[in-house]
Amino acid sequence: MEFHDRLRRRIRERAGRDPEPIGSVIDSQSVKVDAVVGAYTHGFDGGKLINGRRCHAAIAALGRLMGVKATSAGIVEPEAEVH
């Protein structure tokens, strides 16, 4: 992740922006998992009626990835703490 962070800073500087973004947008996607996946690693997304995992991503203003985290589908964005 260190290489990615350095690359993001360089792209922001070349665009005339502060090297560190001050905000981001967090979004997520729920995906189904196979029955052989351990029950403790997945959950139920009641909004999409999916039993599986959820991938949370934080995206900066220029569309660059700031962080990503995979959780149980029962976890919502405010609880994910994407780093």
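This is a stop-by-stop tour of the structure above, with something to select at each stop.

**Before you click**

You're looking at a predicted model, where local features need pLDDT of at least 70, side-chain atom pairs count only at pLDDT 80 or more, and totals for chains, interfaces and linings use all residues. Residues are numbered from 1 along each chain as its sequence is written, and side-chain values use heavy atoms, with hydrogens and water left out.

**Stop 1: the whole chain**

Show everything as a cartoon. You'll find two helices and four strands, where helices (H or I, at least four residues) and strands (E, at least two) are DSSP runs, numbered from the N terminus. Follow the chain along its sequence and the pattern reads α-β-β-β-β-α.

Now colour by pLDDT, the predictor's confidence in each residue, from 0 to 100. The chain's mean is 80, and 82% of its residues reach 70 or more. Among the elements, helix α1 (residues 2–14) has the highest mean pLDDT, 87, while helix α2 (residues 77–80) has the lowest, 60.

Switch to a surface view next. The chain exposes about 5,800 Å², with carbon and sulfur atoms supplying 55% of it; accessible areas come from the Shrake-Rupley method with a 1.4 Å probe, and for residues only the protein chains shown count as cover. Of the 83 residues, 24% count as buried. Buried means under 20% relative accessible area, exposed means over 50%, and partly exposed is in between (1.4 Å probe, protein chains only).

**Stop 2: helix α1**

Select residues 2–14, which make up helix α1. Its 13 residues reach 19 Å from the first C-alpha to the last, close to the 18 Å expected at 1.5 Å a residue. (The expected span is 1.5 Å times one less than the number of residues.) Just after α1, Gly16 takes a positive phi of about 80°.

Show the side chains of Asp5 and Arg8: they meet in a salt bridge, 3.3 Å from N to O. A salt bridge here is a side-chain nitrogen of Lys or Arg within 4 Å of a carboxyl oxygen of Asp or Glu. Asp5 and Arg8 are separated by about one helical turn, because they sit three residues apart in α1. An α-helix has 3.6 residues a turn, so residues three or four places apart point the same way. Arg8 is buried, at 6% relative accessible area.

**Stop 3: out of the helix and into the loop**

How many salt bridges does a search of the whole structure find? The search finds three. For another one, select Glu20 and Arg9, whose side chains meet at 3.1 Å, N to O. Glu20 lies in the loop between α1 and β1 and Arg9 in helix α1, so this pair ties together parts that are eleven residues apart in sequence. Glu20 is partly exposed at 35% relative accessibility, and Arg9 is partly exposed too, at 28%.

Now click Pro21, found in the loop between α1 and β1 (25–32). Is Pro21 buried or exposed? With 15% relative accessibility, Pro21 counts as buried. Leaving aside neighbours within four places in sequence, Pro21 is in contact with Arg8, Arg12, Ala60 and Met66; contact means heavy atoms within 4.5 Å.

**Stop 4: the strands**

Select β1 and strand β3 (residues 50–59): eight bridges join them, and they run antiparallel. Two strands pair if DSSP finds at least two bridges between them. To see one bridge, pick Asp27, whose partner in β3 is Ala57.

Stay in β1 and click Val31. Val31 is partly exposed, with a relative accessible area of 40%. Beyond its neighbours within four places in sequence, Val31 is in contact with Ile50, Asn51, Gly52 and Arg53.

Add strand β2 (residues 43–45), which three bridges join to β3 in an antiparallel arrangement. Here Asp45 has Ile50 as its bridge partner in β3. In the hairpin of β2 and β3, with four residues between the strands, Leu49 takes a positive phi near 55°.

Keep Asp45 selected and add Arg54, since their side chains meet in a salt bridge of 2.5 Å, N to O. Asp45 is buried at 7% relative accessible area, and Arg54 counts as buried at 8%.

Last, bring in strand β4 (residues 65–72), joined to β3 by seven bridges and running antiparallel to it. Cys55 stands opposite Ala70 in β4. The hairpin of β3 and β4 has five residues between the strands, and Gly63 takes a positive phi near 85° there.
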